[in-house]
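The following paragraphs lead through the domain arrangement and the ligand surroundings of one protein. Please keep the sequence and the model in view while reading.

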Amino acid sequence: MKSTLSLSTYKFYINGEWRESSSKQTVDILSPYLNEPIGKVQAMTKEEVDQAIHLAHQAQKNWADTELNKRAQYLYQWADELVNKQDEIAETIMQEVGKNLKDARKEVIRTADFIRYTVEETLHMHGESMKGDSFPGGAKSKLAVVERVPLGVVLAISPFNYPVNLAVAKLVPALITGNTVIFKPATQGAISGIKIIEALEQAGVPKGILNIVTGRGSDIGDYLVEHEGINMIAFTGGTKTGTHIAKKAGMIPLVLELGGKDPGIVCEDADLELAAKQIISGAFSYSGQRCTAIKRVLVHENVADELTALLKEEIEKLSVGSPEQGCTIVPLIDQSSGDFVQGLIEDAVQKGSIVITGNKREKNLIYPTLLDHVTENMKVAWEEPFGPVLPIIRVKSDAEALQIANKSEFGLQASVFTKDINRAFSISNKIETGSVQINGRTERGPDHFPFLGAKQSGMGAQGIRKSLESMTREKVTVLNLS
Ligand code: NAP
Ligand code: G3P
């Protein structure tokens, strides 16, 4: 199958203009399943990054002064443009990151819904007033008016696996609250990012409010993060990268959504049919390339054999192959990711794990693999595969499951499967994660729920209201009435 995207060289977009870089360098974007370049993006220079940030600052004052209901209209239009271009954008997502067309289209529609909900939420976000005399000795003549104001220029950095949704989940809260944005997409996701900008340009927004900078994070990432013109960073990506950014960024607000090793805890009394379906859906959607994927099963030994058989049955129903055939298990984002996942499988097998199904590879297509009798000395018990491999760890009690769950450096989400709600809450209350799903797969959505990682899984919170708060600060004006 050949790419249907013309092998274009895409330009970057700053201050309302599409431009080529003076570096005359570009970065090839390789399709993970077509195994051929589908386009080139600009490798921007530091001077061009300086220009982008300077122009974003210039635009920010007028944008913040624009009536909120006018900013809202631009962004509603953006949502409509994304829906109008959903086929083109979904095709781009598929070819660029290997996500099947159904999931890619779902991502675009989810993003348009995200924009509309975020705008609506902002229109109904009001400040508060406070009277001085409610504090001992405070004067009745003092009245505080508390509002939220924008931070300035937000640096939004997004990952490859949701190249549209996890970009706009930063861009729209920043823009609607009066910030301007420097948007750095994942390199493999940059063409999808450019399609987002094309849609926004169609909405007729003022110049300079949203600027896309392209080039490898390893080349321009540190310069962006350390730039004195950046007032806030919203990042989604791996824990290693996020930790690096946190060390580099200055005294500015950060929101970091990082890696995960979400456990699926299956109690002795669980509905095993339900658990099996939810676990497989949670572990293997988009080949497990989701931060919230279930990445380990902690199951009571008394029901482990039955659950394993059910998991095997569900795995063997999964479609494997090209995203163009609508498959769930698709080639991983690149060969090195395939090498990493295969290495985890081989390490586990070498140390005594039993392959229930899978352990088969064709280039960067890894077949869905279920490993039983995984023990704590195996890498797959602790590493984030970001691929279609699921380790089963057998435990003797809820306490042991909790001990292993909390031993992980990660703390994004967890799933607990039990019929006893008191048992569910007792476990949930002790799990060190941002959120817990009871009798459901781990997932970020719906997008208005708070979404956050504990420990090495993040800093700060996403979720629409939380993102609006993280991209603004309070401003207190005290009236001293006579
Ligand atoms: P990644 O390799 O960490 O890259 C994420 C973003 O950071 C990309 O845009 C990347 O640009 C950029 N970057 C790289 N080095 C940088 C630097 N020094 N300074 C600034 N930016 C830099 O992550 P990924 O491979 O795209 O995504 C997979 C990882 O993200 C997994 O660990 C997954 O768990 C995590 N993730 C977490 C969430 C969540 O909500 N918690 C959601 C999705 C993914 P380049 O592409 O140009 O390198
Ligand atoms: O890895 C992307 C993360 O945000 C997962 O999103 O909705 O698939 O759980 P979701």
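A polar contact is a pair of N or O atoms within 3.5 Å. In this predicted model, such a pair links Asp222 to ligand 1: an N or O atom in the side chain of Asp222 is 3.1 Å from a nitrogen atom of the ligand. Two further pairs involve oxygen atoms of ligand 1. A polar side-chain atom of Thr241 lies 2.7 Å from an oxygen atom of ligand 1, and a polar backbone atom of Phe160 is 3.1 Å from an oxygen atom of this ligand. Altogether, 30 residues surround ligand 1, and those that come nearest are Thr187, Gly217, Thr241, Leu258 and Glu384. Thr241 thus appears both among these nearest residues and in a polar pair with ligand 1.

The wider setting is a protein divided into two domains. Domain 1 comprises 8-258 together with 458-477, while domain 2 spans 262-446. To the contact between them, domain 1 contributes 21 residues and domain 2 also contributes 21 residues. Taken over C-alpha atoms, the centres of domain 1 and domain 2 are 32 Å apart.

The size of an interface is often expressed as the accessible area lost when the parts come together. Here, domain 1 and domain 2 bury about 1700 Å² between them, and 54% of this area is on carbon and sulfur atoms. Of the area that domain 1 buries against domain 2, 27% comes from Tyr33, Asn100 and Phe160, more than from any other three residues. Phe160 therefore has a part in the domain interface as well as a backbone polar contact with ligand 1.

Which polar interactions cross the boundary between domain 1 and domain 2? The interface holds 7 residue pairs in polar contact, counting pairs with both residues at pLDDT 80 or more, whereas the number of salt bridges between domain 1 and domain 2 is 0. On the side of domain 1 that touches domain 2, the elements giving two or more residues are helix H3 (86-97), helix H4 (101-123) and helix H5 (165-176). H3 gives the most, with 3 residues. By class, this side of domain 1 has 10 nonpolar, 7 polar and 4 charged residues.

Ligand 2 has its own set of surrounding residues, including Arg110, Asn161, Tyr162, Arg290, Thr292 and Arg444. Three side chains place an N or O atom by an oxygen atom of ligand 2: the distance is 2.5 Å for Arg444, 2.7 Å for Thr292 and 3.0 Å for Arg110.

Methods:
Residues are numbered from 1 along each chain as its sequence is written. Chains are lettered from A and ligands numbered from 1 in the order in which they are written. This is a predicted model: local features need pLDDT of at least 70, side-chain atom pairs count only at pLDDT 80 or more; totals for chains, interfaces and linings use all residues. Side-chain values use heavy atoms; hydrogens and water are left out. Domain bounds come from an automatic or database domain assignment. Contact means heavy atoms within 4.5 Å. Buried area is the accessible area (1.4 Å probe) that two parts lose on being put together, summed over both. A salt bridge is a side-chain nitrogen of Lys or Arg within 4 Å of a carboxyl oxygen of Asp or Glu. A polar contact is a pair of N or O atoms within 3.5 Å; within protein, one must be able to donate a hydrogen and the other to accept it, and residues adjacent in sequence count only if both atoms are side-chain atoms. Helices (H or I, at least four residues) and strands (E, at least two) are DSSP runs, numbered from the N terminus. Ala, Val, Leu, Ile, Met, Phe, Trp, Tyr, Cys and Pro count as nonpolar, Asp, Glu, Lys and Arg as charged, and the others, Gly among them, as polar. A residue is near a molecule or strand if one of its heavy atoms lies within 4 Å of it.
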